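Trainee: Got a minute? I'd like to walk through this fold with you.
Mentor: Sure. Put it up and ask away.

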Amino acid sequence: GCSIGKHVHEGETELFYFEAGKGRVWDDDECVEVKAGDSMTTGSGHAHSVENTGEEDLILIAAIVLE
C-alpha cells in the first residue's frame, strides 16, 4: 500500500523499471497497472505517482536523466 506521491519533474526525465511486485502508476491523468518486467518514462513537465497494489513489495529501479 505504500506510494510515491504525485509530483512533477522539470528539466529532467525519470525512467522506471519494475523488478518485482505489482502496482499502479498515474502518468498525468492516465492510470496504468504495472508488474515485474514493465518499464515507463515520465518526461519533463509531466506528473506521475507510483502505488504498490500487491501483497508483496513493489521493487523498482528509478533513474533521473537531466535534459
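Trainee: Let me start with strand 6. Is strand 6 mostly covered or mostly open?
Mentor: Mostly covered. This is a predicted model, mind you. Strand 6 spans residues 47–52, and 5 of its 6 residues are buried.

Trainee: Which strands does strand 6 pair with?
Mentor: Strand 1, residues 3–8, is one partner, joined to strand 6 by 4 bridges. Strand 3, residues 22–27, also pairs with strand 6, over 5 bridges. Both pairings are antiparallel.

Trainee: Can I have a residue pair for each?
Mentor: For strand 1, look at H7, which stands opposite H48 in strand 6. For strand 3, take G23, whose bridge partner in strand 6 is N52.

Trainee: What is the strand order in that sheet?
Mentor: The order is 1-6-3-4. It is an open sheet of 4 strands, paired antiparallel.

Trainee: Why do strands 1 and 4 have one side without a neighbour?
Mentor: Strand 1 and strand 4 (30–35) stand at the edges, and each has a single partner strand, so one side of each has no neighbour in the sheet. As for twist, neighbouring strands here are turned by 15 degrees against each other on average, direction ignored.

Trainee: How many bridges join strand 3 to strand 4?
Mentor: There are 6, and the two strands run antiparallel. One example is W26, with C31 as its bridge partner in strand 4.

Trainee: Switching topic. How many salt bridges does the structure hold?
Mentor: It holds 4. Start with R24. R24 forms a salt bridge with E33, where the closest N and O atoms are 3.3 Å apart. R24 also meets E51 in a salt bridge, at 3.2 Å from N to O.

Trainee: What does the R24 and E51 pair tie together?
Mentor: R24 lies in strand 3 and E51 in strand 6, so the pair ties together parts that are 27 residues apart in sequence. Add E33, and you have a network of salt bridges linking R24, E33 and E51.

Trainee: How exposed are R24 and E51?
Mentor: R24 is partly exposed, at 26% relative accessibility. E51 is partly exposed too, with a relative accessible area of 28%.

Trainee: Which residue does D38 form a salt bridge with?
Mentor: K35. The closest N and O atoms of that pair are 3.4 Å apart.

Trainee: And E12? Where does it lie?
Mentor: E12 lies in strand 2, residues 12–20. E12 is buried yet has no salt bridge. The nearest side chain of opposite charge is K6, 16 Å away.

Trainee: Which side chain makes a polar contact with E12?
Mentor: The side chain of H9, at 2.5 Å. Beyond its neighbours within four places in sequence, E12 is in contact with several residues, including T42, G43, I64 and E67.

Trainee: Which sheet has strand 2 in it?
Mentor: An open sheet of 3 strands, in the order 5-2-7, with antiparallel pairing. Strand 5 (39–42) and strand 7 (59–66) stand at the edges, each with a single partner strand, so one side of each is left without a neighbour in the sheet. The twist from one strand to the next averages 15 degrees.

Trainee: Last one. How many bridges join strand 2 to strand 5?
Mentor: There are 4, and those strands run antiparallel. Find Y17 to see one: its bridge partner in strand 5 is S39.

How values were computed:
Residues numbered from 1 in each chain as written. Predicted model: local features only at pLDDT ≥ 70, side-chain atom pairs only at ≥ 80, totals over all residues. Heavy atoms only, no water. Buried < 20%, exposed > 50% of the residue type's maximum accessible area, 1.4 Å probe, protein only. Pairing = 2+ DSSP bridges. Lys, Arg positive; Asp, Glu negative; His and termini not counted. Polar contact = N/O pair within 3.5 Å; in protein donor to acceptor, adjacent residues only side chain to side chain. Contact = heavy atoms within 4.5 Å. Axes fitted to C-alpha atoms, helices over the stretch in contact; angles between N-to-C directions.
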